[in-house]
Amino acid sequence: MDWETGLEWAQILYLVGVGFYLLFFGLFVRYFFWRWHANKHFWNKRPQLSVAKVEALAREKGLEVPFISILVPARNEAEVIANTIEHLASLEYPKDRYEIIVITDEKELLARQEAGTDEPTTQDVVEAKIREFSGRAHVPRLKHCTVPYDFDGRYRGFCVGRSVPSTKGRALNYGLSAVDERTVICGFYDAESHPEEKVLLYIAWSYLQDPRERIWQGPVFQVRNFFQLGFITKVAALYQAISHKWYMPILMKRLPFVGGTNLFVGRRLLERIGGYDHRALTEDLELGVRAYLETGVWAEYFPFYSTEQTPSTFYAFYRQRLRWGSGHLQVCDKFRLAYHYDWERRGPLLYNLFWKGQGEWTLYQSAVMIPLIFLYLGINGYLDASVLPFAVRKGLQCIVLVYYAFTFCVFFHFRRLMAPVPWYEQILGALQLLALPIASFFLPLPYTAASVMKLLNRQPQVWVKTPRTKEATH
């Protein structure tokens with residue numbers, strides 16, 4: 001017995017467990033504040049746009065409708081790239097004021113030659129679409145460039161005569177050399193991206209309102225292949241989507257967060273900062289931080305989404321998130337030692353990078369580990385729940401229903417963006433969400449692993465491509 005409180009240690013431990021339980025529930029409740037903020041400041045203020053409205057604004061400002069180049073890096077993407085090209089070509093925007101540039105990798109062709117197969121490559125699909133577009137009206141210009149196997153990866157770089165590791169930043173730096181001379185804004189999408197049809201109108205409208213060099217980052221909802229995912233990645237897909245819709249506007253007040261897809265950057269700004277860091281594991285975050293430190297431009301959130309895929313297996317999910325986590329730590333290290341940048345900008349940014357990285361990862365991993373510890377203590381008789389009234393204990397148990405209700409509400413919120421499947425697959429997919437407590441344990445694991453591997457100096461050094469799920473061809 002604790003003589004000062006008059007409580008048994010088993011009762012004190014139980015109260016400590018209840019305290020943690022309520023703390024983490026309080027952190028969860030933040031979703032509802034984020035929802036209110038995002039809807040008030042962004043989603044409820046989406047302008048009603050049309051081509052005529054944007055053209056009228058351009059005339060009023062004495063400017064041209066901005067020419068936009070959309071860059072799509074695509075290596076080993078033969079299964080999804082045709083759909084993406086068709087989707088991007090259908091965006092509501094004057095077709096003579098934007099272009100699509102697909103950037104492939106010569107190593108894909110070399111790998112096919114070495115394997116001696118006749119499987120179609122991404123290059124084959126893109127070239128077929130170019131031939132098709134040449135005979136179609138009302139489509140933008142489609143361009144294709146292939147990164148040489150020996151391209152050094154730098155913006156306006158050169159070939160070095162030996163193989164250079166492929167990264168997304170390397171491909172984008174090569175593709176930037178192919179943009180039209182009229183280009184004002186560069187847009188970036190992944191090979192399976194399907195953005196909203198009015199996204200270019202919004203970017204043009206925003207630019208015409210304020211024609212500075214800017215960075216726009218929109219949310220990405222990785223739910224399109226939801227019914228092809230395992231139960232862990234199903235939960236990951238839903239919570240990633242709702243976080244991008246509600247939490248990302250808050251996050252981008254503290255970090256110049258850039259997500260790499262559904263991203264638009266002023267062309268002159270890209271040239272000024274020297275394109276992407278081709279060695280970075282998270283070239284997108286690095287770009288946003290460096291752009292702010294060098295030019296003072298802070299990335300802006302815009303409320304037009306793009307749908308994408310989540311890795312279908314936990315192994316693929318783990319590798320993707322491990323790269324994201326390791327890349328975040330890499331960015332922290334890079335700018336911690338970047339003494340040529342002003343500390344008044346760099347210091348607060350490093351602080352926020354830490355707390356939005358290692359700090360939150362530790363908190364979220366604790367959020368799933370602590371209940372397991374107290375479950376073990378309870379099973380072995382180290383907890384005494386009698387310290388609280390029965391009604392209170394039952395009320396605490398009912399909190400778990402809030403988590404389930406929220407998760408299913410999120411599922412129905414994004415249901416229309418998921419690829420269609422038979423009704424029985426929909427039911428089975430929804431029922432897998434009942435494994436929420438198990439899935440929640442694994443979601444922070446890649447980020448925890450990234451921190452541990454960093455301490456052991458075993459962090460990933462190579463950019464790893466995320467595999468796609470095959471989709472029906474339009």
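This is a short tour of a predicted model, going from its sheets to its helices and then to a few single residues.

**Stop 1: the sheet of 7 strands**

Start by colouring the strands in the order 3-2-1-4-8-6-9, and you will have an open sheet of 7 strands with mixed pairing. Go to its two edges next: strand 3 (141-147) and strand 9 (300-301) each have a single partner strand, so one side of each is left without a neighbour in the sheet. If you like to display hydrogen bonds, keep in mind that strands of a sheet pair through backbone hydrogen bonds, either parallel or antiparallel.

Now select residues 67-73, which are strand 1, together with residues 98-105, which are strand 2. These two strands run parallel and are paired over 6 bridges. For a landmark, pick Pro73 and look across to strand 2, where its bridge partner is Ile103.

Turn to the other neighbour of strand 1. Strand 4 pairs with strand 1 in the parallel sense, here over 5 bridges. Ser69 is a good place to click, since its bridge partner in strand 4 is Cys186.

Stay on strand 4 and select residues 183-188. How many of its 6 residues are buried? The count is 5, so strand 4 is largely enclosed by the rest of the structure. Moving on to strand 8, you will find that the sense of pairing is antiparallel, with 4 bridges between strand 4 and strand 8. Phe188 marks the spot: its bridge partner in strand 8 is Leu263.

**Stop 2: the sheet of 3 strands**

Next, bring up strands 5, 10 and 7, which form an open sheet in the order 5-10-7 with mixed pairing. Strand 5 (194-195) and strand 7 (220-221) are the edge strands, and each pairs on one side only. Zoom in on strand 7 and on residues 306-307, which make up strand 10: the two strands run parallel and are joined by 2 bridges. Click on Phe221 and you can follow its bridge to Thr307 in strand 10.

**Stop 3: helix 10 against helix 11**

Select residues 283-295 for helix 10 and residues 314-336 for helix 11. Their axes come within 10 Å and cross at roughly 25 degrees. An angle under 35 degrees counts as roughly parallel, and helix 10 and helix 11 are therefore roughly parallel to each other. The crossing of helix 10 with helix 11 is right-handed.

Show the side chains where the two helices meet. Helix 10 brings Leu285, Glu286, Val289, Arg290 and Leu293, while helix 11 brings His328, Val331, Lys334 and Phe335. Sorted by class, this contact has 5 nonpolar, 1 polar and 3 charged residues.

**Stop 4: helix 4 against helix 5**

For another helix pair, select residues 106-115, which are helix 4, along with helix 5 (122-134). The axes of helix 4 and helix 5 come within 9 Å and cross at roughly 120 degrees. On the helix 4 side, the contact residues are Glu106, Glu108, Leu109 and Arg112, and they meet Thr122, Gln123 and Asp124 in helix 5. This contact divides into 1 nonpolar, 2 polar and 4 charged residues.

**Stop 5: two loop residues with positive phi**

Follow the chain from helix 5 towards strand 3, and in the loop between them you will come to His138. Its phi is near 60 degrees, a positive value in a residue other than glycine. Is His138 buried or exposed? With a relative accessible area of 71%, His138 is exposed.

Then jump to Asn262, in the loop between helix 8 (231-254) and strand 8 (263-266). Asn262 is not a glycine either, yet its phi is positive, at about 55 degrees. Its relative accessible area is 0%, so Asn262 is buried.

**Stop 6: two helix residues to finish**

Select residues 199-209 to show helix 7, and pick out Ser206 within it. At 7% relative accessibility, Ser206 counts as buried. Which residues does Ser206 contact, leaving aside its neighbours within four places in sequence? They are Arg214 and Trp216.

Finally, go to helix 1, residues 9-41, and find Phe32. Phe32 is partly exposed, with a relative accessible area of 42%. As a last step, draw a distance from the C-alpha atom of Phe32 to that of Pro165: these residues are 133 apart along the chain, and the separation is 43 Å.

Notes. Residues numbered from 1 in each chain as written. Predicted model: local features only at pLDDT ≥ 70, side-chain atom pairs only at ≥ 80, totals over all residues. Heavy atoms only, no water. Pairing = 2+ DSSP bridges. Axes fitted to C-alpha atoms, helices over the stretch in contact; angles between N-to-C directions. Parallel < 35°, antiparallel > 145°, perpendicular 65-115°, else oblique. Left-handed = near helix turned anticlockwise from the far one by under 90°. Contact = heavy atoms within 4.5 Å. Nonpolar A, V, L, I, M, F, W, Y, C, P; charged D, E, K, R; others polar. Buried < 20%, exposed > 50% of the residue type's maximum accessible area, 1.4 Å probe, protein only.
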